[in-house]
Structure formats: structure tokens, C-alpha cells
Amino acid sequence: MITKLNIAALTVIGALAAAPVFAADEYNVSNGLTAAGAQLGLHGVDPVAFVQSGKPVEGTAAYTAVHDGVAYYFNSAKTQAQFEADPAAYLPQNGGFCTFGVSVGKKFDGDPEYAAVIDNKLYVFLNEEIFAAFNKDRAGTIKKASENWGTIRSTAVEKL
């Protein structure tokens, strides 16, 4: 007998099978899956609203887009559509990992509560202390993180 629960489970399984496969730990995502069948990026914060306002704006599962196997939540259909039109313009830098961590060759969680939008790019950080360290040399940290990201992007967290 087919039930609504079975149909929902089959939908998630089908989404997983169709989702692109990316290298180990290229994106900072939550454990578990969203209803879209992908792990959640940016802790559920709307990346478009964040870049536009300079502060975290909570998204909702009602507005979800999956990009490169990662689900992102949005606070409106408008910001979801803007993301879908140009994801690269709104994705957090360094796969959503802590920019300071990437600058020293590590992949730490990036918490949207500690973030900066610089030149229309979103950078997230582990915590208040790390964010303060970043603020002492923003340009240098971003430059070093950009250099390191190419090397560590496809490296599993536990291997760094």
C-alpha cells in the first residue's frame, strides 16, 4: 500500500539520486538532510538577503534552492529567484567555512552571526574571537584564504 509517507520518502530518495556529487567537505553544511534531499548550507540564513543587507536574515524551508548539492533557505520567493539566477554572486566564500580558518589551512564552521560582506562577497567566521582577529587584517586574511582555498577545497576536514 502506498501512503503519503512512502511517497515523501521516495521523493527524498529520488532527490538524493539526482543530486550532484561534490568532493569531500567542499561546502560547510549541517548534518542531516532538508526536505529538498540535500544538506543545509549557511545555517539556514538567506545568502541573498545577507549580501544585500549586510546582516543575517533567517530563511525558511518554504523557499529552498539546491545548488551544487547544497540546500539554501531564503526569506522570500524574490531572494530565492535572485539566487537561482546567479548563485555565485551570493554564495559564502570558501564554501561557507570560516575565512580565518581557511587562511591558516583549516576548515572551521562558519557562523553567520560572525560575518562580513566585503565587496559584495560574504565571509563567515567561527566565533567572535576569530572575527576580531580577522578585523585586524581583513585584506591579508582574505588574500591568504583565497590562496589556500584552491589547495584545501577538496580535502576532507579530518585530513587538515
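Trainee: Where is asparagine 94 found, and is asparagine 94 buried or exposed?

Mentor: Asparagine 94 is found in the loop between helix H3 (77-85) and H4, where helices (H or I, at least four residues) and strands (E, at least two) are DSSP runs numbered from the N terminus. Buried means under 20% relative accessible area, exposed over 50%, and partly exposed in between, with a 1.4 Å probe and protein chains only; asparagine 94, with a relative accessible area of 9%, is therefore buried. This is a predicted model, in which local features need pLDDT of at least 70 and side-chain atom pairs count only at pLDDT 80 or more, while totals for chains, interfaces and linings use all residues. Residues are numbered from 1 along each chain as its sequence is written, and side-chain values use heavy atoms, with hydrogens and water left out.

Trainee: Which residues is asparagine 94 in contact with, leaving aside its neighbours within four places in sequence?

Mentor: Contact means heavy atoms within 4.5 Å, and on that basis asparagine 94 is in contact with Thr99, Val102, Tyr123, Ala145 and Trp149, its neighbours within four places in sequence being left aside. The C-alpha atoms of asparagine 94 and valine 124 are separated by 8.9 Å, although the two residues are 30 apart along the chain.

Trainee: What does threonine 99 touch, not counting residues up to four places away in sequence?

Mentor: Threonine 99, whose place is in helix H4, touches Asn94, Tyr123, Val124, Phe125, Thr141 and Ala145 under that sequence filter. Threonine 99 counts as buried because its relative accessibility is 0%.

Trainee: How should I read a helix such as H6, and which residues of H6 are buried?

Mentor: An α-helix has 3.6 residues a turn, so residues three or four places apart point the same way. In H6, the buried residues are Thr141, Ile142, Ala145, Asn148, Trp149 and Ile152, and they pack against helix H4 (99-103), strand S4 (111-118), S5 and helix H5 (128-136). The expected span of a helix is 1.5 Å times one less than its number of residues; H6 (residues 138-152), with 15 residues, reaches 20 Å from its first C-alpha to its last, close to the 21 Å expected.

Trainee: Which residues have the most contacts inside the largest nonpolar core?

Mentor: In soluble globular proteins, nonpolar side chains tend to be buried together. A nonpolar core is a set of buried Ala, Val, Leu, Ile, Met, Phe, Trp, Tyr and Cys residues joined through side-chain atoms within 4.5 Å. The largest one here has 16 residues, and those with the most contacts inside it are Leu42, Tyr72, Phe74, Phe83 and Leu122. Helix H2 (47-53), strand S3 (70-74) and strand S5 (121-125) each supply at least two residues of this core. A second, separate core of 9 residues includes Cys98, Ile118, Phe131 and Ile142.

Trainee: Where is serine 30, and how far is serine 30 from leucine 42 in space?

Mentor: Serine 30 has its place in the loop between helix H1 (4-18) and strand S1 (39-40), and its C-alpha is 8.4 Å from that of leucine 42, with their positions 12 residues apart in sequence. Serine 30 counts as partly exposed because its relative accessibility is 29%, and serine 30 touches Gln39 and Leu40, not counting residues up to four places away in sequence.
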